[in-house]
Amino acid sequence: MSYQGQSYEKDPRWSAVDDYALSHLHPSNAIPSTTVLEHAQSNSQTEGLPNVLEVGTLGGYSTIWLANATPNTHVTSVEVDPHHAEVARSNIKNAGVEDRVEVRLGPGIEVLPQLAEEVKSGKREKYQLIFVDADKENNWNYVDIALGMCEPGACIIVDNVVRKGQLAQDTTDPRVAGARKVVENIGNDDRLEGVVIQTVGDKSYDGFLFAVVK
C-alpha cells in the first residue's frame with residue numbers, strides 16, 4: 001500500500017497503540033461516531049480513493065472530524081478531483097454534517113486565491129485553522145496564500161512533511177523538496193512560529209508541521 005509516493009511500513013505494535021488510544025480517547029458513543037468514520041474510510045476505499053486524507057478533501061475523513069469540533073464549526077474544503085469530491089460529499093452527508101461543510105472543487109492553487117479574495121471583501125470570515133494535505137510541491141504556496149485568510153493566533157497544519165525521515169535529506173524528490181521548502185520558509189517568516197511533530201502509527205513514520213500565525 002502506498003500514498004503520495006511513499007510505501008507503508010507495518011508494525012503490529014503501532015496498530016495496537018493506535019487501536020488502544022482510539023478506544024479510550026474516542027469511545028463508540030463519541031461524536032463523530034466510530035461507525036461514521038469507518039463508513040467514510042471504507043466507502044473511500046471502495047470508490048478507489050487513495051488512502052490519504054483540507055487543502056485536499058479526498059474522502060472527507062478529516063473533514064468529518066473538523067466539522068464536529070463544535071456545533072458552530074464550519075469547514076471549507078478544497079478538492080481537485082471531481083470523483084473524490086463526490087465521494088467526500090456522500091461521506092459528509094452520511095455523517096450528518098453537510099450543513100457545516102462546503103466542498104469547493106478545483107486546484108488548490110486556483111481556489112485558495114478565490115477564497116482569499118472573498119475574505120478580503122468581507123464575503124467570508126477569516127479562518128482559525130488551515131489544514132494542508134494536498135500536492136506537496138505547493139505546500140508553501142498554500143501556506144503563503146492562507147496567511148491572508150487567518151486571524152492572529154490561527155493554526156496552520158501541513159501534513160506529511162517528515163516523509164519517513166526524508167525531510168532531513170536534500171533529495172531530488174519534488175514532494176520532499178516541497179516539504180523542505182515549507183519548513184525552511186516558515187522558519188524565515190516573521191509572521192509564523194512553527195514546529196515539526198514526528199509521528200509513527202498505522203501510516204508508518206511521518207509527521208506534520210504545526211505553525212501559529214502571529
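Q: Where in the chain is D189 found?
A: This is a predicted model, and D189 is found there in the loop between α7 (174–187) and β7.

Q: Is D189 buried or exposed?
A: Read the relative accessible area: under 20% means buried. D189 has 11%, so this residue counts as buried.

Q: Which residues does D189 touch?
A: Set aside the neighbours within four places in sequence, then look for heavy atoms within 4.5 Å. D189 is then in contact with W140 and L147.

Q: How do I read a sheet? What is the strand order in the open sheet here?
A: Start with which strand sits beside which. The open sheet has four strands, in the order β5-β6-β8-β7. The pairing is mixed.

Q: Which strands are the edges?
A: Look for strands that pair on one side only. Here these edge strands are β5 and β7 (192–201).

Q: What is the average twist from one strand to the next?
A: The average is 15°.

Q: In what sense do β5 and β6 pair?
A: They are parallel. Five bridges link β5 to β6, which covers residues 150–158. For one facing pair, find V132: it stands opposite V158 in β6.

Q: Which helix packs on this sheet?
A: Helix α6, residues 139–147, packs on it. This helix touches β5, β6, β7 and β8 (204–213). Compare directions too: those of α6 and β6 make an angle of about 165°.

Q: Now a loop residue. Where does R124 lie?
A: Look between α5 (108–120) and β5 (127–132): R124 lies in that loop.

Q: Is R124 buried or exposed?
A: Apply the 20% cut-off again. R124 is buried, because its relative accessible area is 16%.

Q: Which side chain makes a polar contact with that of R124?
A: The side chain of Y127 does, at 3.1 Å.

Q: What else is R124 in contact with, beyond its neighbours within four places in sequence?
A: Six residues are listed: T76, E102, R104, L115, E118 and V119.

Q: How do I read a salt bridge? How many does the structure hold?
A: Find a side-chain nitrogen of Lys or Arg, then check for a carboxyl oxygen of Asp or Glu within 4 Å. The structure holds nine such bridges.

Q: Which residue meets R124 in a salt bridge?
A: E102 does, with 3.2 Å from N to O.

Q: Why is this pair said to tie parts together?
A: E102 lies in strand β4 (residues 101–105), and R124 in the loop between α5 and β5. The pair therefore ties together parts that are 22 residues apart in sequence. E102 is partly exposed, at 28% relative accessibility, whereas R124 is buried at 16%.

Q: Which residue forms a salt bridge with D133?
A: K136 is the partner, and the closest N and O atoms are 2.8 Å apart. Check both ends for burial. D133 counts as buried at 7% relative accessibility, and K136 counts as buried at 1%.

Q: Back to D189. Which residue forms a salt bridge with D189?
A: R191 does, with the closest N and O atoms 2.7 Å apart. R191 is partly exposed, with a relative accessible area of 37%. D189 is buried at 11%.

Q: Which residues do shared salt-bridge partners join into one network?
A: Trace from partner to partner. E102, R104, E118 and R124 are joined in this way.

Q: How many disulfides does a search of the whole structure find?
A: Zero.

Q: Why is C150 not bonded to C155?
A: Check the distance between the sulfurs. C155 holds the cysteine sulfur closest to that of C150, yet the gap is 9.1 Å, so it is too far for a bond. The cut-off for a disulfide is 2.5 Å. C155 is likewise in no disulfide.

Q: How accessible are C150 and C155?
A: C150 counts as buried at 5% relative accessibility. C155 counts as partly exposed at 21%.

Q: One last residue. Where is G60?
A: Its place is the loop between α2 (34–46) and α3 (61–67). G60 counts as buried, because its relative accessibility is 0%.

Q: What separates the C-alpha atoms of G60 and N91?
A: Compare sequence with space. G60 and N91 are 31 residues apart along the chain, and their C-alpha atoms are separated by 6.5 Å.

Technical notes:
Residues numbered from 1 in each chain as written. Predicted model: local features only at pLDDT ≥ 70, side-chain atom pairs only at ≥ 80, totals over all residues. Heavy atoms only, no water. Helix = DSSP H or I, 4+ residues; strand = E, 2+ residues; numbered from the N terminus. Buried < 20%, exposed > 50% of the residue type's maximum accessible area, 1.4 Å probe, protein only. Polar contact = N/O pair within 3.5 Å; in protein donor to acceptor, adjacent residues only side chain to side chain. Pairing = 2+ DSSP bridges. Axes fitted to C-alpha atoms, helices over the stretch in contact; angles between N-to-C directions.
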